[in-house]
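These are my notebook entries on one structure. I looked up charge pairs first, then the core, one helix and the surface.

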Amino acid sequence: MGEVAERITGVIARTAGNTVGSSVSALLTAGAIVTGNVDLALWATPIGAAAGSFTEEGAQLVRRAWTDRADRAQEFAEAVAEEAGVPFDEVPLLATHDAQTRRLLGTTLEAATEANSHWRIRMLAKVFVEGHKDPAAVDRMVYLVGALESVEAPEMRLFAAVWCEGRGAFRRSNDASAVAKHPLQANAVHLESTVPVRDAPLMPVLEILKINLEKAGLLRFSGHSGGTDAIVTPLGYFCVRELLHLNALPEPGAS
């Protein structure tokens with residue numbers, strides 16, 4: 001090995017050897033087996049073997065990019081430990097009870113390694129813990145992860161703003177019996193007047209968020225001369241119900 005390659009390997013060895021703890025490695029490997037996504041196991045391994053091809057600066061970039069996914073798995077595992085009230089090292093034991101729980105682990109962990117927000121990783125941890133506590137909820141939790149596959153924190157903040165505003169309008173326009181009979185029902189809301197009040201930082205990206213939420217099937221939009229009305233879809237109501245149950249509907253500005 002040449003001098004440059006030795007230096008590069010040294011850079012990686014100093015940082016990569018202990019970046020993935022045994023508990024996270026076990027989760028990633030089990031997730032790879034359950035989902036068939038071998039990449040999950042790949043993110044648990046050091047990258048020193050590939051170092052000889054890069055400059056030292058390039059090696060640092062590759063190391064950081066490589067460990068990003070493992071870091072997300074680490075954050076997911078820490079959130080699971082907190083939500084379940086168990087020591088971090090015992091998190092892998094939560095998935096040993098039955099095949100359904102392991103299936104949910106694979107689904108949530110795979111999604112967590114792709115996540116781009118703390119909200120999404122925390123939500124996925126809550127989903128896994130819910131399925132661990134109640135095996136009858138596993139299918140429902142898997143459907144929830146699928147419904148939110150393309151939804152990150154900004155989209156969910158817009159969704160939450162629409163539902164909260166629409167729910168308030170429904171309460172104001174109906175008597176107590178109707179409100180009690182329809183605990184999630186929300187009226188259509190005027191988007192351009194709702195978002196500046198409920199979550200103003202979303203305004204610069206409002207159009208792209210609308211497109212993403214409509215593609216995901218969570219909101220439906222209707223344009224008119226005064227702007228745009230937004231209404232929650234049946235799939236959106238399913239997500240509202242489950243996220244409220246999990247205490248995972250984000251607050252304005254949450255990431």
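Entry 1, charge pairs. In this predicted model, I found a salt bridge between the side chains of R122 and E83, with N and O 3.0 Å apart. I noted that the two partners come from distant parts of the chain: R122 lies in helix α6 and E83 in helix α4 (residues 56-84), 39 residues apart. I then looked up how far each partner is covered. R122 has a relative accessible area of 28%, and because the partly exposed class runs between 20% and 50%, R122 is partly exposed. E83, at 32% relative accessibility, is partly exposed as well.

I next asked which further residue pairs with E83. K126 does so in a salt bridge, with the closest N and O atoms 3.2 Å apart. This pair also links distant parts of the chain, from E83 in helix α4 to K126 in helix α6, 43 residues apart. K126 has a relative accessibility of 14% and therefore counts as buried. I recorded the general point that side chains of opposite charge can pair when their charged atoms come close.

I also recorded the salt bridge of R241 with E242, whose closest N and O atoms are 3.0 Å apart. Is E242 buried or exposed? At 2% relative accessibility, E242 counts as buried, whereas R241 is partly exposed at 41%. Through shared partners, salt bridges join E82, E83, R122 and K126 into one network. My search of the whole structure gave ten salt bridges.

Entry 2, the core. I looked up the largest nonpolar core and found that it has 67 residues. The residues with the most contacts inside this core are F76, F128, L148, M156, L158, F159 and L218. Helix α6 (residues 118-133) supplies the largest share of the core, eight residues. I noted that in soluble globular proteins nonpolar side chains tend to be buried together.

I followed L158 further. Setting aside residues up to four places away in sequence, L158 touches L191, V195, L202, L206, L209, K210 and L213.

Entry 3, helix α11. Which residues of α11 are buried? I listed L206, L209, K210, L213 and A216. Seen down the axis of α11, the buried residues fall within an arc of 130 degrees, so they line one face of the helix. I set beside this the general rule that an α-helix has 3.6 residues a turn, so residues three or four places apart point the same way.

I then looked up what this face meets. The buried residues of α11 pack against the helices α7 (138-147), α8 (153-173), α10 and α12 (234-245), and against the strands β2 (219-224) and β3 (227-232). After α11 comes G217, with a positive phi near 80 degrees.

Entry 4, α10 and the surface. I located P196 in helix α10. P196 has a relative accessibility of 35% and so counts as partly exposed. Apart from neighbours within four places in sequence, P196 is in contact with L191 and M203.

I placed V205 in the loop between α10 (191-198) and α11 (206-216). V205 counts as partly exposed, at 36% relative accessibility. On the surface, V205 forms a nonpolar patch with I208 and I211, and together they have about 230 Å² of accessible area.

Conventions: Residues are numbered from 1 along each chain as its sequence is written. This is a predicted model: local features need pLDDT of at least 70, side-chain atom pairs count only at pLDDT 80 or more; totals for chains, interfaces and linings use all residues. Side-chain values use heavy atoms; hydrogens and water are left out. Patches are made of residues with over 30% relative accessible area and no salt bridge: like charges are joined within 9 Å, nonpolar side chains (Val, Leu, Ile, Met, Phe, Trp, Tyr) within 5 Å. Accessible areas come from the Shrake-Rupley method with a 1.4 Å probe; for residues, only the protein chains shown count as cover. A salt bridge is a side-chain nitrogen of Lys or Arg within 4 Å of a carboxyl oxygen of Asp or Glu. Helices (H or I, at least four residues) and strands (E, at least two) are DSSP runs, numbered from the N terminus. Buried means under 20% relative accessible area, exposed over 50%, partly exposed in between (1.4 Å probe, protein chains only). A nonpolar core is a set of buried Ala, Val, Leu, Ile, Met, Phe, Trp, Tyr and Cys residues joined through side-chain atoms within 4.5 Å. Contact means heavy atoms within 4.5 Å. The arc is that of the directions from the helix axis to the C-beta atoms.
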